[in-house]
Amino acid sequence: MFLDKVKISCKAGNGGNGKVFFKRAKYVPNGGPEGGDGGHGGSIVFKTTLELTNLSEFRYKKVFKADNGEDGGNNMCDGKSAKDLVILVPVGTVIKNALTNNVIADLVEPEEEFVALRGGKGGRGNSKFATATRQAPRYAEMGEQTKPFELILELKTIADVGLIGYPNVGKSSLLKAVSNAKPKIANYHFTTLAPNIGVIKAYGENMVWADIPGLIEGASNGVGLGHDFLKHIERTRVLIHVIDASGSEGRDPYNDYLKINEELNKYSDKVANIPQIVALNKIDLIDADMREEYLELLKKQFGKIKIFDISAAAFIGLDDLIKEVANLVKSQPKVTRMQIEETNIDKREKKTFEINKIDEDYYEVTGDLIEEIAFNVIINDYNSFAYFQKRIKDEGIIDALIEAGMKEGDTVKMCQIEFEYII
């Protein structure tokens, strides 16, 4: 099943906790703090691959969690950092913040990597808090906690060349004839239900060709399959407009050309202005005695546009077409990335807090800053709690509480900590 848009949930790994440990050795009378640091959590990394052509891999698996870092150990042993979780996506994948719909990445190159969410930092062990005046700290840092985020993945096919045209004109046959692609081919409409991709190496160019599913009249307004796949034409550099020159479907070849281009114009000016080559296909089905005269009359209708007589099934005229396309691709600029609208969805600034007056003499303080301070406090350790008191004073939290009306004897809650305010 072809899938070109999906919402997934991602969470980077938490950092491992720091360790509280004191060295004990027979011949070491004053063992010191030797708790190790926690390891870093794994990050969420997206990586493009040419092996994938759509997002069908995400049809059933939509939740991705990186591993947490290991906790610190004894004897200065640090916890192991977790490996990053690498998620493979097709070239041309656009990543958006599902909450804001802002673009955070546009992956247009093969093997390109993007770190969407970084893993949590590991907490420091008690060995890192030892000083000349505090020689036996009985506390360590907790690892940094991460949050899940919802992301939207949307595929906008990256191809040098797009094959367009009515259903059953031979686009899939042409792609199969000139590349390594193996599209499904049959003599009925809408055989192609998804863009097929093929790679062609010729005339000094490595070109990616994409067979865009059949456009029909009214596609820009949602008729047929074309509306769903018009966006996959947006980032092609050259279009090959494949036309059934034999009229085997009972349609007029030139009229087909006009109608398809009308749909491109309705969709967007950008798509309408992509350089276009016409390939008059199935010429082997035209009576040999009248073929040359018929094609000459047909070409006069098209005017000055570059036209090639081909038969994908009989391998007629394909080399000349490929050569012209390769030269045209060379002259076209590379694909430009979409504008990035949000650079970091997981800011973790940890400088914000909010005061809520729950009752006449009861206040609760919440926010990233409070979590960062309070998670590392050990209430029954004098040095740890003294550090906590100093931090909330230095960060302006006490002043903000007084401004909010706090008075002596009132109770304040910060995460799991409750204390009575005493002047």
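**Reading helices, loops and cysteines in a predicted model**

Analyst: Helices H1 and H6 are roughly perpendicular to each other, and since the model is a predicted one, this is best read as a computed arrangement.

User: At what angle do helix H1 and helix H6 pack, and how far apart are their axes?

Analyst: Helix H1, which covers residues 171-178, and helix H6, which covers residues 318-331, pack at an angle of about 85°, and their axes are 11 Å apart. Angles of 65 to 115 degrees count as roughly perpendicular, which is why H1 and H6 are given that description.

User: Which residues in H1 and H6 meet?

Analyst: On the H1 side they are Leu174, Ala177 and Val178, and on the H6 side they are Leu318, Leu321 and Ile322. Sorted by class, the contact of H1 with H6 has 6 nonpolar residues, with no polar and no charged ones.

User: Where does Asp320 lie, and is Asp320 buried, partly exposed or exposed?

Analyst: Asp320 is part of helix H6, and because its relative accessibility is 49%, it counts as partly exposed. Sequence distance and distance in space are separate readings, and for Asp320 and Asp309 they are 11 residues in sequence and 9.5 Å from C-alpha to C-alpha.

User: How should I read the packing of helix H3 and helix H5?

Analyst: Begin with the angle and the axes: H3 (residues 253-267) and H5 (residues 288-302) pack at about 25°, with 10 Å between their axes. Angles under 35 degrees count as roughly parallel, so H3 is roughly parallel to H5. The crossing in which H3 passes H5 is right-handed. H3 brings Pro253, Tyr254 and Tyr257 to the contact, while H5 brings Tyr294, Leu298, Gln301 and Phe302. By class, the contact of H3 with H5 contains 6 nonpolar residues, 1 polar residue and no charged residues.

User: Which value does phi of Asn75 come near, and where does Asn75 lie?

Analyst: Most residues other than glycine have a negative phi. Phi of Asn75, however, is near 55°, which is a positive value in a residue other than glycine. Asn75 sits in the loop that runs between strand E3 (63-65) and strand E4 (85-90), and with a relative accessible area of 45% it is partly exposed.

User: And what is phi of Glu111 near?

Analyst: Phi of Glu111 is near 65°, again a positive value in a residue other than glycine. Glu111 is placed in the loop between strand E6 (103-107) and strand E7 (113-117), and because its relative accessibility is 49%, Glu111 counts as partly exposed.

User: How many disulfides does the count come to?

Analyst: A disulfide is a covalent bond between the sulfur atoms of two cysteines. The rule used here asks for a pair of cysteine sulfur atoms within 2.5 Å, and by this rule the count is 0 disulfides. Two cysteines can still be read for accessibility: Cys10, at 0% relative accessibility, counts as buried, whereas Cys77, at 43%, counts as partly exposed. The cut-off for buried is under 20% relative accessible area.

User: How many helices and strands does the protein have, and what percentage of its residues are buried?

Analyst: The protein has 9 helices and 18 strands, and buried residues make up 48% of its 423 residues. To read how the chain comes together, take the contacts in the protein with a separation of 6 or more: residues 24 or more positions apart account for 72% of them.

How values were computed: Residues numbered from 1 in each chain as written. Predicted model: local features only at pLDDT ≥ 70, side-chain atom pairs only at ≥ 80, totals over all residues. Heavy atoms only, no water. Buried < 20%, exposed > 50% of the residue type's maximum accessible area, 1.4 Å probe, protein only. Axes fitted to C-alpha atoms, helices over the stretch in contact; angles between N-to-C directions. Helix = DSSP H or I, 4+ residues; strand = E, 2+ residues; numbered from the N terminus. Parallel < 35°, antiparallel > 145°, perpendicular 65-115°, else oblique. Left-handed = near helix turned anticlockwise from the far one by under 90°. Contact = heavy atoms within 4.5 Å. Nonpolar A, V, L, I, M, F, W, Y, C, P; charged D, E, K, R; others polar.
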